Amino acid sequence: MKSRQISGKTKLVGVMGDPIEHSVSPAMHNMALNAMGLDYVYVPFNVKKADLAKAVQAVRALNIRGLNVTIPHKVEIIPLLDDIDSLARAIGAVNVLVNNDGILKGYNTDAEGFLHVLLEHGVEPEGKNVVILGAGGAARAIAFTLAGRGANLIMLNRTPSNAAKCAADVSNATGQTVEVLTLDEKNLSDAMERGHILVNTTSVGMFPEKNDALVSSNLIRPHFIVADIVYNPYKTRLLIEAEKAGAMTINGLEMLIWQGALAFEKWTGKKAPLNVMRKGATQALKSYEK
Ligand code: NAP
């Protein structure tokens, strides 16, 4: 594919976070922008926690069209923006910002991205019991979107007080039941007895700890749908265990692609080429796995 000529008209988009070296987003977005013939370039910015306010000012000063926002800035960026979309406000985390003539608005496409992936796999969360492992930023986005769609949530976390706070916010906003349990063997086995869908939102199983999983095949029944939002490695230990048990699996790269596609559409106003984004993200991931 021919690469673009950067000129004075080229619009700038990107991602800011720390660390950022292993992000697959630049490859995913630049391949998509090239394929669509759009005069944009997507750049990774390593922004330290202490420099966040200066970086947000720079978005205005440099007329950057939009950014993905990742660890550790998703929460701290909220008071620095001019406007926050209502879903992002409810979740309490922003992963995309859009710059309209110096007015910066924050969105959360992690939540919508995860829901798209489920629906694309023919999974309707309404009325289902969903076992969520973890209660961090990604868990919040996923819990809001699932509860908003009418799922009953059972949230297990290593630190129960973190889950209690997350569950109370989700329950208040959506009116859905959110049960909180400490992540231990007995509670896990009890939750899995009642569940239909399992979602790992913890970082357990992420490279380089590829052999770790919080749930093994003996707790997973064949009717389960098992989603892991960890995308490096492509097939995590948890997904291997789920396959062994005969369950349907959904990997984290799909959520990454969908949240990216929704951001792409907000910046460019064009429909994102999902297959190109999938190719770009997969190639980048493979190069890191070598
Ligand atoms: P976070 O806010 O730091 O939350 C991490 C969660 O994992 C917390 O609930 C934490 O429990 C739990 N945890 C960490 N280590 C654990 C361990 N050894 N045993 C049990 N629980 C453990 O992080 P995040 O932003 O939610 O991200 C979590 C993961 O999702 C990361 O791997 C990230 O790359 C991935 N992610 C993927 C996508 C995607 O598009 N696919 C999007 C966002 C995030 P405590 O509360 O006890 O600390």
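This report walks through the ligand site of a predicted model and then turns to a few unusual backbone spots.

**Around the ligand**

Let's begin with the neighbours. The ligand is surrounded by 22 residues, and the closest of them are A135, A138, N157, T159 and N162. Sorted by class, this shell holds 10 nonpolar residues, 10 polar residues and two charged ones.

Three of the closest residues also take part in polar contacts with the ligand, listed here with the atoms involved.

| Residue | Atom on the protein side | Atom on the ligand side | Distance |
|---|---|---|---|
| A135 | polar backbone atom | oxygen | 2.8 Å |
| N157 | polar side-chain atom | oxygen | 2.8 Å |
| N162 | N or O atom in the side chain | oxygen | 2.8 Å |

On its own, the ligand would expose 930 Å², and the protein buries 76% of that area. The space that the ligand takes is the largest pocket.

Which elements give two or more residues to the shell around the ligand? They are α5, which spans 137-148, and α9, which spans 252-268. Of the elements, α9 gives the most, with three residues in the shell.

It also helps to look at the site in terms of domains. Domain 1 is made of 11-108 + 254-289, while domain 2 covers 111-250. Both domains give residues to the shell, and therefore the ligand lies between them.

**Backbone spots to look at**

As background for this part, most peptide bonds are trans, and most residues other than glycine have a negative phi. The following places depart from that pattern.

Two peptide bonds leading into a proline are cis. One joins F207 to P208, with omega near 10°. P208 itself sits in the loop that runs between β10 (197-200) and β11 (225-228). The other cis bond goes from N232 to P233, and its omega is near 15°. You will find P233 in the loop between β11 and α8, the latter spanning 237-244.

What sign does phi have at N63? It is positive, at about 55°, although N63 is not a glycine. This residue belongs to the loop that links α2 (52-61) with β3 (66-69).

**Putting it together**

If you are opening the model on screen, a handy starting view is the ligand between domain 1 and domain 2. From there, you can pick out the oxygen atoms of the ligand that pair with the backbone of A135, with the side chain of N157 and with the side chain of N162. After that, the cis bonds before P208 and P233 and the positive phi of N63 complete the tour.

Notes: Residues numbered from 1 in each chain as written. Predicted model: local features only at pLDDT ≥ 70, side-chain atom pairs only at ≥ 80, totals over all residues. Heavy atoms only, no water. Near = heavy atom within 4 Å. Polar contact = N/O pair within 3.5 Å; in protein donor to acceptor, adjacent residues only side chain to side chain. Areas by Shrake-Rupley, 256 points an atom, 1.4 Å probe, with all protein chains shown as cover. 1 Å grid on protein atoms, 1.4 Å probe; cavity = no way out; pocket = protein on both sides within 12 Å on 5 of 7 lines; lining within 4 Å. Sits in = over half its atoms within 2 Å of the grid points. Helix = DSSP H or I, 4+ residues; strand = E, 2+ residues; numbered from the N terminus. Nonpolar A, V, L, I, M, F, W, Y, C, P; charged D, E, K, R; others polar. Domains from an automatic or database assignment.
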